[in-house]
There are 2 protein chains.
Amino acid sequence: MNGEKELEIARERVIDAISKNMNLYGVTESIGRLYGALYFQEGPLTLDEMKEELGMSKTSMSTSVRSLLELKMVGKVWKKGVRKDLYLAEADWYQTFIDFFTIKWRAGISLNISAMQKSLSEIQPLLNNEQVEPHIKEQAKIDIEKLTSAIEYYDWLNRLVDSFESKEIFEFIPKGENKKTEKS
Amino acid sequence: MNGEKELEIARERVIDAISKNMNLYGVTESIGRLYGALYFQEGPLTLDEMKEELGMSKTSMSTSVRSLLELKMVGKVWKKGVRKDLYLAEADWYQTFIDFFTIKWRAGISLNISAMQKSLSEIQPLLNNEQVEPHIKEQAKIDIEKLTSAIEYYDWLNRLVDSFESKEIFEFIPKGENKKTEKS
DNA sequence: CTGTACGTACAGTTTTTTCTGTACGTACTT
DNA sequence: AAGTACGTACAGAAAAAACTGTACGTACAG
């Protein structure tokens, strides 16, 4: 035994866990495996090397790596004399976490807020409209309350994301305290 | 115009946004639409009413509602004299957020931590093994460092989830200061 | 300018997921 | 006890997503 096999097995298990984990967050297992593979590389990889590493088509590598780029989980890297594109896994998982959820959540937040505000502005007038039946008005009132509190929630979520982006969250939950949690 | 149509359109837009948003988080659009529909109901619905509301099969309603139950986004409700199961949307989105991510993240965290610790315990011995080539040892050392810092990150994430679950997060990012009376 | 290496758009295929209808077990009603 | 209403397991159908190979545009080399 020269340790190569052992290392390989140990890595494989972690890559597997990473990809399953990412899958939980709505990312394909293949894309997760690609990230995992890149994570354990010593240096950046070309598309052809990834293809080799995962035994998949180059096309897949191209699209997968693009997804990872959009999530900022990998970065494109420059190396003198190398014509092929090189990609490197982002190694700082705190940063990865922040980017991932900032990107995902912001998108959802603005989508929802604008839909809700638009609907709110359509429902509001019903309350003062003579032609609208009392029963409908009652429903409108309830809906307005629901939408108002939903928007309030999204405002909170936005502030939470702000605290991720600005890293202020680490003042509240400090990084690598490295002491085990007292409970659980 | 009696306002009914307007209300319907306004709701439909929000339901659409909600389901797209949930889809972003890895939940089917259908399940998202079901949650949205339940959210705007005045009271709890039976499976047959959902089926009617969404124009889908009862089987689908059964499985979708189960997913929502697991995510604690709906609750089963009991009403005297009613034999059918009744389901009500959880209206507090702060709570929904907390439950959703607590459930999802905890699963991923423990999965990853145990995989990493196991791999770590396999890699560590390589360092002191005479038969392992220096080159492999070098890689092992790098991997150990990576895994150690990854585990540290997961510990942080665990503490973040703790702060969600215990609601301490609201001390750091306060809920909306609007009308609603808050109980501390 | 011509030839070559590279990344990716696109169309077709395979795989996975979602959805439906039937059938069955359970529990309540009479 | 039989009859009925209900929810869901299961298998197959339909839809969606992931994956691949070909073909093409671009950039650089000679």
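A polar contact here is a pair of N or O atoms within 3.5 Å; inside the protein, one of the two must be able to donate a hydrogen and the other to accept it, and residues adjacent in sequence count only if both atoms are side-chain atoms. T28(A) gives a handy example, with a polar side-chain atom 3.1 Å from a phosphate oxygen of DNA strand D.

A word on the ground rules. This is a predicted model, where local features need pLDDT of at least 70 and side-chain atom pairs count only at pLDDT 80 or more, while totals for chains, interfaces and linings use all residues. Residues are numbered from 1 along each chain as its sequence is written, chains are lettered from A and ligands numbered from 1 in the order in which they are written, and side-chain values use heavy atoms, leaving out hydrogens and water.

Take DNA strand C to begin with. A residue is called near a strand or molecule if one of its heavy atoms lies within 4 Å of it. There are 15 residues around DNA strand C, and S62(A), R66(A), K84(A), D85(A) and S30(B) come nearest. Of the strand C atoms that come within 4 Å of the protein, 75% belong to sugar and phosphate. S62(A) puts a polar side-chain atom 2.6 Å from a phosphate oxygen of DNA strand C, and T28(B) does so at 3.2 Å. T59(B) reaches a base oxygen of this strand instead, at 3.0 Å from a polar side-chain atom.

Where do the residues near DNA strand C come from? Helices (H or I, at least four residues) and strands (E, at least two) are DSSP runs, numbered from the N terminus. Helix α4 (58-70) of chain A and α4 (58-70) of chain B each supply at least two residues, and α4(A) gives the most, with 4 residues.

Now for DNA strand D. Here 14 residues sit around the strand, with S30(A), S62(B), R66(B), K84(B) and D85(B) coming nearest. Sugar and phosphate again make up 75% of the strand D atoms within 4 Å of the protein. An N or O atom in the side chain of S30(A) is 2.3 Å from a phosphate oxygen of DNA strand D, and S62(B) has a polar side-chain atom 2.6 Å from one. The largest share of this surface, 4 residues, comes from α4(B).

Sorting by class (Ala, Val, Leu, Ile, Met, Phe, Trp, Tyr, Cys and Pro as nonpolar; Asp, Glu, Lys and Arg as charged; the others, Gly among them, as polar), the surface near DNA strand C has 2 nonpolar, 7 polar and 6 charged residues. Near DNA strand D, the tally is 2 nonpolar, 7 polar and 5 charged.
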